[in-house]
Amino acid sequence: MTRRMTTLKWVFYALWTLVFLLVQQLVFPYLRIAGVHPFILPSLAAIAASFEGKQEGPVYALVLGLVCDTLFTGAFPCFYAVVLTLSALLAGQAARRLIMPGAVCSLAVSAGALLLTDLFNAVAFTYSHGTPPGETMWLTAREILLSLPFAMLVHLVFSRVHRRFDRR
């Protein structure tokens, strides 16, 4: 793939990421079911890494994490940069060694990224605020179940971008 096409591909990823960030910030806080709202940021990093591999995916996740750290409050400084990059590294490995990139892979890596993010949050809140672990795990389960259908929307968009530029 030429440098121009690679740049164009990442511009499309960035534009769609901006759309999903706006939805996360402006729409999802009003969509509250069972006390939680959907959270698609870990899915963005994991699904992009599953399509783009173990090198470009973590770079995308690091940039996304730094943007998210400026927009959202994390459990500790640079929370999203650390967690999303780690999620992307694991998703890139899973997509290359365990599951072929596709809908099932996107669902699996999204669930894993959400779980990893929520586990980091749970440990931080248990340590700093004394929140009971059982309570945070129940919150984690509800958030993952509510977020996975939206992860499939991310999959549809990112797979289309990947297919469009992978053929050339």
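Here are some worked exercises on this predicted model.

## Exercise 1: Two helices that cross

Describe how helix H3 packs against helix H4, and say which kinds of residue form the contact.

**Solution.**

*Step 1: find the helices.* H3 covers residues 79–97, and H4 covers residues 103–129.

*Step 2: describe the geometry.* Two packed helices are described by the angle between their axes and the distance between the axes. Here the axes of H3 and H4 come within 10 Å and cross at roughly 150 degrees. The handedness of this crossing is right-handed.

*Step 3: list the contact residues.* H3 brings Phe79, Val83, Leu86, Ser87, Leu90, Ala91, Ala94 and Ala95 to the contact, while H4 brings Cys105, Val109, Ala113, Leu116, Thr117, Phe120 and Asn121.

*Step 4: sort them.* Twelve of these residues are nonpolar, three are polar and none is charged.

*Step 5: look at one of them.* Cys105 on the H4 side has a relative accessibility of 1%, so it counts as buried.

## Exercise 2: Looking for disulfides

How many disulfides does a search of the whole structure find, and which cysteine sulfur is nearest to that of cysteine 68?

**Solution.**

*Step 1: recall the bond.* A disulfide is a covalent bond between the sulfur atoms of two cysteines.

*Step 2: search.* The search of the whole structure returns zero disulfides.

*Step 3: check cysteine 68.* Its nearest cysteine sulfur belongs to cysteine 78 and is 12 Å away. A disulfide needs the two sulfur atoms within 2.5 Å, so cysteine 68 is in no disulfide with cysteine 78.

*Step 4: compare the surroundings.* Cysteine 68 is buried, with a relative accessible area of 0%. Cysteine 78 is partly exposed, at 44%, and sits in the loop between H2 and H3.

## Exercise 3: The largest nonpolar core

Work out which residues touch the most other members of the largest nonpolar core, and which helix gives the most residues.

**Solution.**

*Step 1: find the best-connected members.* The core holds 40 residues, of which Leu44, Leu64, Cys68 and Phe158 touch the most other members.

*Step 2: assign helices.* At least two core residues come from each of helix H1 (3–26), helix H2 (41–71), H3, H4 and helix H5 (133–166). H2 gives the most, with twelve residues.

*Step 3: follow phenylalanine 158.* Setting aside residues up to four places away in sequence, phenylalanine 158 touches Tyr13, Trp16, Thr17, Phe20, Leu44, Ile47, Ala48, Phe51 and Tyr60.

*Step 4: follow leucine 64.* Leucine 64 lies in helix H2 and is buried at 3% relative accessibility. With the same sequence neighbours set aside, its contacts are Thr17, Leu21, Leu41, Leu44, Ala45 and Leu84. Leucine 84 is 20 residues away along the chain, with a C-alpha separation of 7.7 Å.

## Exercise 4: Buried or partly exposed?

Decide whether alanine 88 and leucine 115 are buried or partly exposed, and find their contacts away from their sequence neighbours.

**Solution.**

*Step 1: take alanine 88.* This residue of helix H3 has 0% relative accessibility and counts as buried.

*Step 2: list its contacts.* Beyond neighbours within four places in sequence, alanine 88 is in contact with Ala45, Ala49, Gly57, Pro58 and Ala61.

*Step 3: take leucine 115.* This residue of helix H4 is partly exposed, with a relative accessible area of 38%.

*Step 4: list its contacts.* With neighbours within four places left aside, leucine 115 is in contact with Thr140 and Ile144. The C-alpha atoms of leucine 115 and isoleucine 144 are 7.3 Å apart, although 29 residues separate the two along the chain.

## Exercise 5: Positive phi outside glycine

Find where alanine 34 and cysteine 78 lie, and give the phi of each.

**Solution.**

*Step 1: recall the usual sign.* Most residues other than glycine have a negative phi.

*Step 2: read the angles.* Alanine 34 has a positive phi near 55 degrees, and cysteine 78 has a positive phi of about 60 degrees.

*Step 3: place them.* Alanine 34 lies in the loop between H1 and H2, and cysteine 78 in the loop between H2 and H3.

*Step 4: check accessibility.* Alanine 34 is exposed, at 53% relative accessible area, whereas cysteine 78, at 44%, is partly exposed.

Notes. Residues are numbered from 1 along each chain as its sequence is written. This is a predicted model: local features need pLDDT of at least 70, side-chain atom pairs count only at pLDDT 80 or more; totals for chains, interfaces and linings use all residues. Side-chain values use heavy atoms; hydrogens and water are left out. Axes are lines fitted to C-alpha atoms, for helices over the stretch in contact, and angles run from 0 to 180 degrees between N-to-C directions. Helices (H or I, at least four residues) and strands (E, at least two) are DSSP runs, numbered from the N terminus. A crossing is left-handed if the near helix is turned anticlockwise from the far one by less than a right angle, and right-handed if clockwise. Contact means heavy atoms within 4.5 Å. Ala, Val, Leu, Ile, Met, Phe, Trp, Tyr, Cys and Pro count as nonpolar, Asp, Glu, Lys and Arg as charged, and the others, Gly among them, as polar. Buried means under 20% relative accessible area, exposed over 50%, partly exposed in between (1.4 Å probe, protein chains only).
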